[in-house]
Amino acid sequence: MAGGEEDMEIEVEKTKDTGDDSSGSIKGKPSESKTSGYELPWVEKYRPLKLHDIVGNTETISRLEVFAKEGNVPNVIIAGPPGTGKTTSILCLARALLGPSFRDAVMELNASNDRGIDVVRNKIKMFAQQKVTLPKGRHKIIILDEADSMTDGAQQALRRTMEIYSKTTRFALACNASDKIIEPIQSRCAVLRYSKLSDKQVLDRLLTVCEKENVSYSDDGLEAVVFTAQGDMRQGINNLQSTFQGFGHVNSENVFKVCDEPHPLHVKNMLDHCVNGNIDEAYKIMHSLWKLGYSPEDIITIVFRVCKTHNMPEYLKLEYIKEIGYTHMRIAEGVESLLQMSGLLAKLCKKSAVPATGQ
Ligand SMILES: Nc1ncnc2c1ncn2[C@@H]1O[C@H](COP(=O)(O)OP(=O)(O)O)[C@@H](O)[C@H]1O
Ligand SMILES: [Mg+2]
């Protein structure tokens, strides 16, 4: 038991070390990493170091900036969808608060660490009891990333710990769903909510990365990356990097190849055919997508995303979305045949053939 925990400690230290070093050297010599043939993932390379570099969620982040300035941090929970900067914000906050003591005064535990009840009892307590000299009014910080994957038992063990060491230690939790955090912990924390980033925010950031990395891109390529990212910056930057490194040029064709998603342009054409009541042509596209090996789940997701922004009469769009929803439900229940997908097309075609039926 004790041995295992020691191992973990070393591991955590190591990753911190390499993280710091590499980001330092990359900053100094951006071109070297390329010539050596080894690339740091861009998500890490461009992880913001200061709170004000974080894109989006401005109101919540300005609250964090106030905490950082005044040094008076409550325990916090940051909840929100993936890739919106939750972990980054907590790290930035800790860095802003603790400066050079960051290394000694921060303990980070994420879902890949063991976080059972014993860890809460021993490891977290031990860290909370350790003496670290910090500037006046500053606290040690325990980061519990992906806290929604902690068991209820471990969370229960945490509630008292949080109070006992409140003089010296603050907790920062990040999670996707705040309802997975037990009520008693929520009531001890300030809960901050992040929402998905807008397409523009993702696009702006991608443009910055493209410029720094000399990425050759076309506008429709970046548009495609934004489309696949769906407000998730991590996904966006990763897709940009995979496309660029795989193909050398970012255009929409390459992006959808890398991301393995049906091309929205095909789906768009398919919907157009449905709107015109042309089932044969619509079916041809569906069949070709099917032949390419996309799963019904993949296809229906894109059909929905495209339909949402498709240029068509409002009442028809509502009907379409309803039908797409039903088909998605059937797929989720396990009926994953091409026949189902064709059935959807048939229904969509019928809707536009007789717009007023059923009203
Ligand atoms: N709001 C943001 N502004 C700038 N970069 C971001 C933002 N959100 C995510 N990223 C990028 O995505 C990566 C992962 O972000 P992270 O904070 O770990 O997301 P999560 O919300 O899932 O914890 C970061 O390294 C950064 O490159
Ligand atoms: Mg995270």
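Which residues lie nearest the centre of the second largest pocket? In this predicted model, that position is taken by Glu223, Ala224, Phe227, Pro264 and Thr309, which belong to a lining of 24 residues. The volume of the second largest pocket is about 650 Å³. Its lining is assembled from several helices: α10 (199–213), α11 (219–229), α13 (252–259), α14 (264–275) and α16 (296–308) each provide at least two residues. Among the contributors, α11 accounts for the largest share, with 7 residues. In terms of residue class, the lining of the second largest pocket comprises 9 nonpolar, 7 polar and 8 charged residues. At the domain level, at least three lining residues come from domain 2 (199–259), and at least three come from domain 3 (264–353).

The surroundings of ligand 1 were examined next. A shell of 18 residues surrounds ligand 1, and Val43, Val55, Lys86, Thr87 and Thr88 approach it nearest. Helices α5 (86–98) and α12 (233–247) each contribute at least two residues to this shell. Both domain 1 (43–193) and domain 2 (199–259) are represented in the shell by at least three residues each. Domain 2 thus recurs in the description, as it also supplies at least three residues to the lining of the second largest pocket. Classified by residue type, the shell around ligand 1 holds 9 nonpolar, 5 polar and 4 charged residues.

Polar contacts to ligand 1 involve both side-chain and backbone atoms of the protein. In the side chain of Arg234, an N or O atom is placed 2.9 Å from an oxygen atom of ligand 1. The side chain of Arg47 likewise has an N or O atom at 3.2 Å from an oxygen atom of the ligand. At Gly85, by contrast, the contact is made by a backbone N or O atom, 3.0 Å from a nitrogen atom of ligand 1. Of the 550 Å² of accessible area that ligand 1 has on its own, 97% is covered by the protein.

Enclosed space was also analysed. The model contains 2 cavities of 30 Å³ or more. The largest cavity has a volume of about 50 Å³, and its lining consists of Val73, Pro74, Val76, Ile90, Leu93, Ala94, Ile141, Arg170, Phe171 and Ala172. Two elements, α5 and β4 (169–175), give two or more residues each to this lining. Helix α5 therefore appears both here and in the shell around ligand 1, where it supplies at least two residues. The lining of the largest cavity is made up of 9 nonpolar residues and 1 charged residue, with no polar residues.

The second largest cavity encloses about 40 Å³ of space. Its lining is formed by Val73, Leu97, Leu98, Arg138, His139, Ile141 and Arg170. Val73, Ile141 and Arg170 are found in the linings of both cavities. By class, the residues around the second largest cavity divide into 4 nonpolar, 1 polar and 2 charged.

Conventions. Residues are numbered from 1 along each chain as its sequence is written. Chains are lettered from A and ligands numbered from 1 in the order in which they are written. This is a predicted model: local features need pLDDT of at least 70, side-chain atom pairs count only at pLDDT 80 or more; totals for chains, interfaces and linings use all residues. Side-chain values use heavy atoms; hydrogens and water are left out. On a 1 Å grid over the protein atoms alone, a cavity is a set of points where a 1.4 Å probe fits but cannot get out, and a pocket is an open set with protein on both sides within 12 Å along at least five of seven lines; lining residues have an atom within 4 Å of a point. Grid points are joined across faces, edges and corners, and a volume is the space filled by probe spheres set on the points. Helices (H or I, at least four residues) and strands (E, at least two) are DSSP runs, numbered from the N terminus. Ala, Val, Leu, Ile, Met, Phe, Trp, Tyr, Cys and Pro count as nonpolar, Asp, Glu, Lys and Arg as charged, and the others, Gly among them, as polar. Domain bounds come from an automatic or database domain assignment. A residue is near a molecule or strand if one of its heavy atoms lies within 4 Å of it. A polar contact is a pair of N or O atoms within 3.5 Å; within protein, one must be able to donate a hydrogen and the other to accept it, and residues adjacent in sequence count only if both atoms are side-chain atoms. Accessible areas come from the Shrake-Rupley method with a 1.4 Å probe; for residues, only the protein chains shown count as cover.
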